[in-house]
Amino acid sequence: MSFNVVFFGPPAAGKGTQAKIIEQKYGLKQLSTGDLLRAQVAAGTELGQQAKAIMDSGKLVSDEIVIGMIADAMDNAKKAKGFIFDGFPRTTAQAEALDKMLKERGQKIDMVLELQVKDDALLARIKKRAEEEGRSDDTVDAMKTRLEQYRNYSAEVLPYYQKQGDVMRIDGMRPVDEVTMQIEAVMGEDLAA
Ligand code: ADP
């Protein structure tokens, strides 16, 4: 049996942090388009060179690039029980492409979690992360754009999933372990690896 979940939420909501905890417990594989893109940038590939300026500005990289990366990553992880999609999909075209790719594998999106965090808390987290990690898109300007982008794409992607079923809301303002507990409560013990 497979299980595929989308972690949806604004930049710095804690999707990556939670995905890393949850993938261990449930035997799922986290697929983060942000991480995949940063790996391309670090490796100096042509794709990475194309994506870097867009990422640094806080805008969205093209659907074609991120869909292609996700398709490759899914092909390279055939043994996974399922996936945690983190930072993907961010457009309806990406959501449709994902449904199609899963369907070809006889699978589907089983759950969508929306991590909710207020803007002022997000900005505070980004400032802290900027000091700790030095990510080139953790600047005040890029963050403003990323939040604006989030408002736009969540207005199309969330209704897309609401039409398919419930989107589970998670209070992302709580401490990390309490957020994990909320996620585990909705994902269910029966799924645990
Ligand atoms: P965050 O969610 O904290 O903003 P991510 O690591 O998820 O950061 O993404 C960083 C950047 O990578 C985004 O601002 C965007 O430029 C690009 N990106 C990541 N995922 C996608 C996607 N699904 N579609 C388009 N662009 C993406």
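Biologist: By class, how many nonpolar, polar and charged residues does the shell around the ligand have?
Modeller: This is a predicted model. In it, 20 residues surround the ligand. By class they split into eight nonpolar, four polar and eight charged.

Biologist: Which helix gives the most to that shell?
Modeller: Thr-33 is among the closest residues to the ligand, and so is Arg-38. Both numbers fall within residues 33-43, the span of one helix. That helix gives four residues, the most of any: H2.

Biologist: How far is a polar side-chain atom of Thr-33 from a nitrogen atom of the ligand?
Modeller: A polar contact here needs N or O atoms within 3.5 Å. Arg-38 has a side-chain N or O atom 2.8 Å from a ligand oxygen. Arg-146 places a polar side-chain atom 3.0 Å from an oxygen of the ligand. For Thr-33 and the ligand nitrogen, the distance is 2.7 Å.

Biologist: What share of the area that the ligand exposes alone does the protein bury?
Modeller: Taken alone, the ligand exposes 550 Å². The protein buries most of that area: 97%.

Biologist: How much space lies in the largest pocket?
Modeller: The ligand takes up space that is the largest pocket. Its lining has 14 nonpolar, 13 polar and 16 charged residues. Helices H1, H2, H6, H7 and H8 and strand S2 each supply at least two of the lining residues. The volume is about 1000 Å³.

Biologist: Which lining residues are closest to the centre of the largest pocket?
Modeller: The lining counts 43 residues. The closest to the centre are Pro-11, Ala-12, Lys-15, Arg-129 and Arg-135.

Technical notes. Residues are numbered from 1 along each chain as its sequence is written. This is a predicted model: local features need pLDDT of at least 70, side-chain atom pairs count only at pLDDT 80 or more; totals for chains, interfaces and linings use all residues. Side-chain values use heavy atoms; hydrogens and water are left out. A residue is near a molecule or strand if one of its heavy atoms lies within 4 Å of it. A polar contact is a pair of N or O atoms within 3.5 Å; within protein, one must be able to donate a hydrogen and the other to accept it, and residues adjacent in sequence count only if both atoms are side-chain atoms. Accessible areas come from the Shrake-Rupley method with a 1.4 Å probe; for residues, only the protein chains shown count as cover. On a 1 Å grid over the protein atoms alone, a cavity is a set of points where a 1.4 Å probe fits but cannot get out, and a pocket is an open set with protein on both sides within 12 Å along at least five of seven lines; lining residues have an atom within 4 Å of a point. A molecule sits in a cavity or pocket if more than half of its atoms lie within 2 Å of its grid points. Ala, Val, Leu, Ile, Met, Phe, Trp, Tyr, Cys and Pro count as nonpolar, Asp, Glu, Lys and Arg as charged, and the others, Gly among them, as polar. Grid points are joined across faces, edges and corners, and a volume is the space filled by probe spheres set on the points.
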